[in-house]
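Subject: Structure for your review

Dear colleague,

Please find below the structure that I am handing over to you. The findings follow directly after it.

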Amino acid sequence: MRIFLFALALLSLVLTTLPLSAQQQEKAGWANLKKPVNVSFANSDTRFAQDQVPQVPLQDKWEAEAWKGEKIHTQLLVWASREVPQLRVSVSELKGKKGNRIPGDNITAGFVRYVITDEFGQGCGYRKPTDFDSSLVADLIDNATVTALASHTVQPIWLSIAVPHGTPAGAYKGTVTVHAGKPYKLRIAINVQERELPAPDQWAFDLDLWQHPAAIARVHGVPLWSSEHYARMRPYYNMLAAAGQKNITASIIDEPWNHQTYDDFPSLIKWTRKKDGTWSYDYSLFDEYVSFVMSCGITERINCYTMVPWKMSFTYFDEGAGKDTVFTGKAGTPAYNAFWGAFLRDFARHLKEKGWFAITSIAMDERPLADMQAVISLLKETDPDWKIALAGIYHPEIEQDIFDYSIASKWKFGEQVLQRRKADGMPSTFYTSCEEARPNGFTFSPPAEHTWIGWYAAAQGFTGYLRWAYNSWVENPAQDSRFRTWPAGDTYQVYPGPLTSIRFEKLVEGIQDFEKIRLLREEFTRTGNQIGLEKLDTILEAFELGELDSTSAATMVSSAKASLYQL
């Protein structure tokens with residue numbers, strides 16, 4: 001980890017100390033600075049360029065509204081025409097009336113780092129770096145306690161306040177001090193409302209960010225599935241659980257996505273064809289991994305990938321031949337049904353013994369309708385109680401057979417279908433991928449688009465959001481977010497460390513807003529507050545995909561938040 005942080009600091013130092021010509025300084029606004037060091041609060045919906053003077057009014061006070069149990073954030077900016085060798089931040093507790101407190105431990109400040117990004121282009125498909133415009137973009141949030149600021153550069157600081165559950169409602173005030181050669185003291189004023197969010201494990205929002213355990217082993221240099229690997233994985237999964245994650249991503253075959261990721265995606269189950277032609281399955285690693293993830297707080301569902309991978313080939317150990325062998329077969333054929341039928345019956349037996357069968361789905365990702373129909377038929381034949389998950393196109397022909405259905409953002413379920421699914425407790429979410437220019441969570445995406453996603457889910461009646469992937473990292477994720485396929489940042493939302501990102505924090509913000517809307521709607525329905533319900537509907541009317549063509553996500557979310565707080 002020390003090596004990683006040193007490399008990160010070195011890259012940042014190199015990038016920020018490249019000399020600017022006099023013409024470049026003038027263009028970036030540095031020559032016109034009246035003060036050598038400037039400090040100000042700034043909006044959290046903006047990614048500020050590292051080499052340009054921020055065009056923001058100087059603000060030494062941040063005022064915000066919050067529910068009990070909510071995490072809120074803003075940015076501090078420090079920009080200077082001279083070097084600041086040591087830049088650090090200290091915060092005070094927030095004090096309310098009658099001795100009430102929000103402890104200083106609930107307030108965190110992280111230095112926002114810059115990574116290389118590219119542009120949307122045509123979205124999906126293989127790409128060469130030379131064909132796309134690249135730039136540095138603010139995204140990674142570093143928890144280092146001190147940093148250096150080079151001359152003629154900007155250092156954003158991400159400031160978060162987690163309001164404890166049970167905090168008495170009222171006004172709370174405190175300070176944050178930026179130490180940049182001398183102390184710059186800024187004021188914080190938070191109004192905590194009477195309402196309260198539940199803990200993340202009680203959120204209704206169905207969040208499904210796909211996990212990639214092998215990537216963690218690689219970036220930390222530890223053996224796959226070793227005790228060191230599990231120790232490294234825990235903080236990542238704890239952070240994901242704190243965002244309300246519902247699903248465990250479990251691979252039941254090797255390479256469900258046919259080596260699309262930088263790191264391998266090995267199977268958690270070892271398949272063996274014995275000499276007598278029968279099959280045996282070693283579930284020990286699957287059990288170990290699932291139990292581990294559950295111990296981190298992600299317990300609601302297990303999604304097993306996959307019976308229809310991106311390349312129809314399945315590796316198993318052939319005891320007679322003494323080597324790994326690959327079975328290839330099309331879904332629905334007798335050979336395929338025999339190969340999978342034996343496994344499904346044994347896997348169902350094992351899951352029932354573990355008490356996990358009811359929360360397990362056999363999951364598919366963007367697979368053709370004919371293949372899905374063949375898989376559904378086989379699953380029902382082996383055990384009619386099998387649950388099925390699918391992320392892909394909306395197929396009304398199989399909708400009722402899919403328990404956990406996530407459809408691409410351009411699709412909708414239809415009101416009657418959605419209400420029936422929700423009444424039956426069937427997760428009904430949407431996802432974004434490399435196909436959507438917006439809203440999305442690329443490293444160059446406007447931060448508010450991730451918050452917008454929670455509002456869109458609430459407006460359209462979806463139960464949540466899916467995205468691959470939480471941590472399918474590229475080669476050097478903390479330096480360069482580009483990949484050989486797809487726009488930059490598509491493959492991960494957090495950084496090695498674990499370190500969070502502007503994208504991830506804004507996504508959680510949108511989930512919290514979804515929960516607020518849900519709780520208000522439940523309250524207004526329970527109390528017969530028809531006016532409140534109508535106001536909620538009016539607030540949400542704006543959240544349609546087409547609206548983003550003419551109105552920014554930040555404008556839409558800001559306006560909706562203001563209206564929501566009035567309720």
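In this predicted model, strands β21 (residues 387-392) and β22 are paired in the parallel sense through 4 bridges. Within this pair, L390 has Y405 of β22 as its bridge partner. On β22 there is also a parallel pairing with strand β23 (residues 428-431), again recorded as 4 bridges, and here S406 is matched with T429 of β23. Strand β22 itself (residues 404-408) is mostly covered, with 5 of its 5 residues buried.

These strands belong to an open sheet of 8 strands with parallel pairing, whose order is β13-β24-β23-β22-β21-β20-β17-β14. The edges are taken by β13 (206-209) and β14 (247-251); each has a single partner strand, so one side of each is left without a neighbour in the sheet. On average, and with direction ignored, neighbouring strands of this sheet are turned by 25° against each other.

A second sheet deserves separate mention. An open arrangement of 4 strands runs in the order β16-β15-β18-β19, and its pairing is mixed. Its edge strands, β16 (279-282) and β19 (323-328), each pair on one side only. The average turn between neighbouring strands of this sheet is 40°, direction ignored. Within it, strand β18 (residues 313-318) pairs with β19 in the antiparallel sense over 6 bridges, and S313 finds its bridge partner in T328 of β19. Helix α6 (residues 334-354) packs on this sheet and touches β15 (270-273), β16, β18 and β19. The direction of α6 makes about 50° with that of β16.

Finally, I would draw your attention to a pair of helices. The axes of α9 (residues 448-460) and α12 (residues 553-566) come within 9 Å and cross at roughly 50°; the two helices are therefore oblique to each other. The crossing of α9 past α12 is left-handed. On the α9 side, the contact is made by A448, E449, T451, W452 and W455, while α12 contributes A553, A554, M556, V557, A560, K561 and L564. By character, the residues of this contact divide into 9 nonpolar, 1 polar and 2 charged.

I would be grateful for your comments once you have examined the structure.

With kind regards

Technical notes: Residues are numbered from 1 along each chain as its sequence is written. This is a predicted model: local features need pLDDT of at least 70, side-chain atom pairs count only at pLDDT 80 or more; totals for chains, interfaces and linings use all residues. Side-chain values use heavy atoms; hydrogens and water are left out. Axes are lines fitted to C-alpha atoms, for helices over the stretch in contact, and angles run from 0 to 180 degrees between N-to-C directions. Angles under 35 degrees count as roughly parallel, over 145 as roughly antiparallel, 65 to 115 as roughly perpendicular and the rest as oblique. A crossing is left-handed if the near helix is turned anticlockwise from the far one by less than a right angle, and right-handed if clockwise. Contact means heavy atoms within 4.5 Å. Ala, Val, Leu, Ile, Met, Phe, Trp, Tyr, Cys and Pro count as nonpolar, Asp, Glu, Lys and Arg as charged, and the others, Gly among them, as polar. Buried means under 20% relative accessible area, exposed over 50%, partly exposed in between (1.4 Å probe, protein chains only). Two strands pair if DSSP finds at least two bridges between them.
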